[in-house]
Each structure stands twice: as C-alpha cells, then as structure tokens.
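Trainee: Please take a close look at one part of this structure for me, and then set that part in the context of its surroundings. I would like a connected account rather than a list.

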Amino acid sequence: MKRLHVHISVDGLEPAIQFYNTLFNQQATVVKDDYAKWMLDDPAINFAISDRGNQPGLNHLGFQVESDEALEEISARLTQANIGKRAELDAQCCYAHSNKYWTKDPAGIPWENFHTMGEVKTFNGDDPSQPEPVAAQHSQGESAGERCCS
C-alpha cells in the first residue's frame, strides 16, 4: 500500500493542530514542539505540519511506502522516465529514520518518496550537543535543514 504524504509549513503550530484535529475528526498521532502528524486511513494519507521558520504553505508532497522494494520501484520508474532524483538513504528527518528519494514535479513542487524504518528523537535526528553527522548520499553543501523536508 502507498500512503500519500503531505507536509504543510504553518505559522503557529497550536491553532493548526486544533484545525486539523477538527477537520480530520482525529487527534494527531505525533505531536512535538515544532511538528505534528496524522496517519489517516480514509483517505490513506500521512499528513504532517511543522513550525520551523519556513514560509507557510505547501512544503512538499510524497508517497510513503511499506518496503524498500516498493521505494526502489518508484526510483526505477523515475530513472526510466529520465526524471532526476536525489537519494537520502539511512536519513533521519521529521522524527523518522527512512530511506528516501526526492524529486521535483514540473511546477517545482518537491516530492519525497520514502520508506520509514523507525523513529528518532529529534526533527533531524541530530544530537544538539554533537557536531552534525555526515548524512548518507546527500548533495555537497547541504545543511541538515536543507536535507530534511525542504
């Protein structure tokens, strides 16, 4: 099964959480100081919001898949169609440990296709007391904020 992923940047997390709890008729499944997520079954969607200083509005879309094999199927389709992508394997982002491929649609909207393997304690998986780790397979010059949900 694939689950549509939508990530919205908000200006004020609490009012947004209240709005989406009401809209979805369901409490958020994950709530952090800067992030919330609803795992909805009808429709099948992973809907996330964050208050991390980005411009309010659509941050990115994507597909969450249940296995690395399903993720590789998406990657193969993108490669076959000669659509560029950027791999982030073993990534720690949005409180999750995932393998993912990023691409952009013709309108420039980022798409994150990913398989989540577990949870991490911070938004980027970083320990604030430690130097930033080198992430697997990301473009040179990117900071943690650029790698994670941007």
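Mentor: Glu14 has a relative accessibility of 48% and counts as partly exposed (buried is under 20% relative accessible area, exposed over 50%, partly exposed in between, with a 1.4 Å probe and protein chains only). This is a predicted model, in which local features need pLDDT of at least 70 and side-chain atom pairs count only at pLDDT 80 or more, while totals for chains, interfaces and linings use all residues. Residues are numbered from 1 along each chain as its sequence is written, and side-chain values use heavy atoms, with hydrogens and water left out.

Glu14 belongs to helix α1, the part I will follow here (helices, H or I of at least four residues, and strands, E of at least two, are DSSP runs numbered from the N terminus). The C-alpha atom of Glu14 is 9.5 Å from that of Asp34, although 20 residues separate the two along the chain.

Further along α1, which spans residues 13-24, come Tyr20 and Phe24, four residues apart and thus about one turn of the helix. A search of the whole structure finds 11 aromatic pairs (Phe, Tyr and six-membered Trp rings with centres within 6.5 Å, stacked if the planes are under 30 degrees apart, edge-to-face if over 60 and tilted otherwise). One of them is formed by Tyr20 and Phe24, whose rings are stacked, with 5.6 Å from centre to centre and 25 degrees between the planes. The two partners fall into separate accessibility classes: Tyr20 is buried, at 14% relative accessible area, whereas Phe24, at 22%, counts as partly exposed. Ring pairs also carry the picture beyond these two residues, linking Tyr20 and Phe24 with Phe19, Trp38 and Phe47 in a cluster.

Phe47 is a useful place from which to view these surroundings. Leaving out residues up to four places away in sequence, Phe47 touches Tyr20 and Phe24, and also Val6, Ile8, Ala36, Lys37 and Trp38 (a contact means heavy atoms within 4.5 Å). Phe47 is also, with Trp38 and Ile49, one of the residues that touch the most other members of the largest nonpolar core, which has 15 residues (such a core is a set of buried Ala, Val, Leu, Ile, Met, Phe, Trp, Tyr and Cys residues joined through side-chain atoms within 4.5 Å). Two or more residues of this core come from each of β1 (3-9), α1, β3 (35-41) and β4 (44-50), and α1 provides the largest share, with four residues. In soluble globular proteins, nonpolar side chains tend to be buried together.

The strands in that list belong to an open, mixed sheet of eight strands, ordered β2-β3-β4-β1-β5-β8-β7-β6 (two strands pair if DSSP finds at least two bridges between them). At its edges stand β2 (30-31) and β6 (86-93), each with a single partner strand, so one side of each has no neighbour in the sheet. Between these edges, β5 (residues 57-65) and β8 (residues 110-119) pair in the parallel sense over five bridges, with Val65 opposite His115 of β8. Strands β6 and β7, by contrast, run antiparallel and are joined by six bridges, and Ala91 stands opposite Ser98 in β7. The hairpin of β6 and β7 has two residues between its strands, and Cys94 takes a positive phi near 55 degrees there.

Polar residues in β7 (residues 96-104) complete the view, and Lys100 is one of the residues in that strand. Lys100 is buried, with only 2% relative accessible area, and its side chain makes a polar contact of 2.6 Å with that of Glu112 (a pair of N or O atoms within 3.5 Å; within protein, one able to donate a hydrogen and the other to accept it, with sequence-adjacent residues counting only if both atoms are side-chain atoms). Asn99, also found in β7, is buried at 11% relative accessibility. The side chain of Asn99 is in polar contact with the side chain of Asp68 at 3.1 Å, and one of its polar atoms lies 2.7 Å from the backbone nitrogen of Asp90.

For the chain as a whole, there are three helices and eight strands, and 42% of the 150 residues count as buried. Among contacts with a separation of 6 or more, 56% are between residues 24 or more positions apart.
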